[in-house]
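Reader: I've got a model open and I'd like to learn how to read it. Could you walk me through a few features?

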Amino acid sequence: ISACKLANGTGVYDLIAAQSLISNDPGITFRWWEDAAYTIPITNLNTYNAGAGTIYAEVSSPDGCSSEAIVILSLLDAPQVNIKGPEVICEGDKLELFADIIGGQSPYTVNWNYNNGNSNFSGNPLSILTSVGISTYIITVTDANGCSTITDYKVKTEFCCPTASNKDYFQIGANSADRIISNGDYKTWPDKVFVAAGATILVEGKGTVLDITNADVVFGECARILVRNGGRIISNNAVLRPCDESLTWQGIEFISNTKDAPSGTFTESTFINATTGINVFRSVKALKGTPIEVEITNNLFLNNRTAFNNSNDYFDGAISGNTFKVEDNAAYLLYCQEQRPEEKPSLNFTGIQFTYGKFPTYSVRDYNVISQNDFVKGLNLIKEESKLISFNGISLFGAVGMNISSNRFTNNDQSIIMDRVISVSVENNKMEVTRRSNADLGTYQITFDGVGNYPYSALIQNNELINTEELLIETNANDGNGNFIGTGAIYVS
């Protein structure tokens with residue numbers, strides 16, 4: 001008799017079925033032994049596990065006569081299976097997996113199990129459409145002898161930007177020579193450009209200019225534009241966006257580590273889903289350096305984790321007429337520093353942020369103007385506590401001589417945050433809170449904090465606060481002590 005060979009070199013034999021091959025006479029009884037001397041009995045007749053070899057059956061009739069049957073055990077090789085197919089595919093592409101089978105005895109039956117055990121298919125190859133994620137495909141191959149082999153195969157399905165293969169878009173790869181603009185060149189991009197995932201467009205050197213006016217620039221994951229050391233970027237009526245509304249990109253960065261500071265002009269352009277839309281900072285402390293000049297006028301910043309960030313004492317530019325807006329779907333985005341699987345999406349967003357050193361530098365006066373901008377937190381209808389995003393309009397740490405005027409803040413968790421600032425004026429702004437799903441204890445629309453011996457100061461006048469707040473989650477209505485949690489006007493400490 002035969003059995004299918006297992007991985008350990010044994011097989012499982014059915015001795016009950018073997019008895020009928022020896023005799024079907026009525027009244028016949030069998031006793032099975034592993035040795036010819038009949039000293040080692042076999043009791044598990046349905047599932048006798050053994051290697052190839054010989055066993056013995058003592059066969060007895062009703063009249064007391066007995067005889068011996070010598071049974072030869074042999075092992076059948078199970079089929080060997082090698083699955084051929086891609087390990088990574090793009091969402092929307094057809095997945096085809098083929099089972100390459102050798103050994104065993106043809107013909108074979110092939111069964112696939114996938115979709116967490118909820119889907120089955122018989123045949124070879126398997127051809128299906130997949131959804132984003134990592135899926136395990138389990139295949140069972142059975143040959144003509146009834147011997148089976150089971151194995152599995154994992155396939156990762158990911159979103160692939162269709163723009164990356166769109167010939168209408170000028171393609172800039174991660175290692176393309178087109179990603180470096182330097183030596184005083186003036187580069188004008190065409191109206192459609194794709195920047196590959198992880199790529200950095202470098203604009204560097206005095207007199208070097210990148211002009212993206214009227215361009216639709218699509219960025220792969222975490223791609224960015226870096227302007228440094230005298231480089232300049234011009235953006236008028238451009239759209240800067242990821243390939244899909246569920247994805248993000250890094251943003252545009254200005255870095256100054258020489259006296260030739262970079263600069264830029266952004267007018268009527270749109271920034272969508274950037275980690276930091278415009279990021280200005282210096283990498284070394286050069287007190288006599290030239291200010292980084294960036295003009296930001298009449299742009300839309302949508303679902304940027306931070307729309308504008310300045311970490312440079314020498315920034316010079318106006319920020320006016322822009323709209324900074326965060327909508328509900330921002331709570332589901334993973335920004336570039338959050339790409340690791342253990343990270344969770346950001347829930348804290350900021351329109352404009354100025355962050356300097358531990359204390360302000362008196363020798364530097366910014367006197368920047370932030371005026372006539374709209375800061376909007378979309379009506380947050382998400383009722384999952386883990387998805388309650390916060391949006392702060394303007395956050396200043398260590399700023400000096402800044403004017404914030406004639407801006408409108410709608411449903412901001414905090415409109416203007418001032419920490420250790422000097423000579424900042426806040427006037428003629430309008431703050432309106434009509435609906436929030438999260439109402440934080442101790443939240444005020446304007447806050448002023450200062451520590452140490454510096455003469456921190458701010459002028460706050462002629463601002464308007466309208467508060468008709470409606471809480472969407474009733475359990476957030478008090479702090480557990482019966483005190484209502486809402487929003488205040490001005491907090492000073």
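Reader: Where is the place of Pro-125?

Author: Keep in mind that this is a predicted model. Pro-125 sits in the loop between β11 (119-122) and β12 (126-129). Now check the bond before that proline: Asn-124 and Pro-125 are joined by a cis peptide bond, with omega about 10°.

Reader: Which other peptide bond is cis, and what is omega there?

Author: Look at the one from Ser-106 to Pro-107, which is cis with omega near 5°. Pro-107 is also a loop residue, placed between β9 (94-102) and β10 (109-114).

Reader: How about the core? What's the general idea?

Author: In soluble globular proteins, nonpolar side chains tend to be buried together. Here, the largest nonpolar core has 67 residues, and Trp-189, Ile-225, Ile-252, Phe-254, Phe-354 and Leu-396 have the most contacts inside it. Apart from that one lies another core of 17 residues, including Val-81, Leu-95, Ile-128 and Ile-139.

Reader: What does Ile-252 touch, leaving out residues up to four places away in sequence?

Author: Among its partners are Ile-225, Val-227, Ile-233, Leu-240, Phe-266 and Phe-271. Ile-252 also touches Thr-276, Gly-277, Ile-278 and Asn-279.

Reader: Now phi. Which residue has a positive phi although it is not a glycine?

Author: Try Asn-237, with phi about 60°. Asn-237 lies in the loop between β23 (232-236) and β24 (239-242), and is partly exposed at 43% relative accessible area. Tyr-38, not a glycine either, has a positive phi of about 60°. Tyr-38 lies in the loop between β3 (29-33) and β4 (48-50).

Reader: What is the relative accessible area of Tyr-38?

Author: For Tyr-38 the value is 24%, so that residue counts as partly exposed, given that buried means under 20%.

Definitions and conventions. Residues numbered from 1 in each chain as written. Predicted model: local features only at pLDDT ≥ 70, side-chain atom pairs only at ≥ 80, totals over all residues. Heavy atoms only, no water. Core = buried A, V, L, I, M, F, W, Y, C linked by side-chain atoms within 4.5 Å. Buried < 20%, exposed > 50% of the residue type's maximum accessible area, 1.4 Å probe, protein only. Contact = heavy atoms within 4.5 Å. Helix = DSSP H or I, 4+ residues; strand = E, 2+ residues; numbered from the N terminus.
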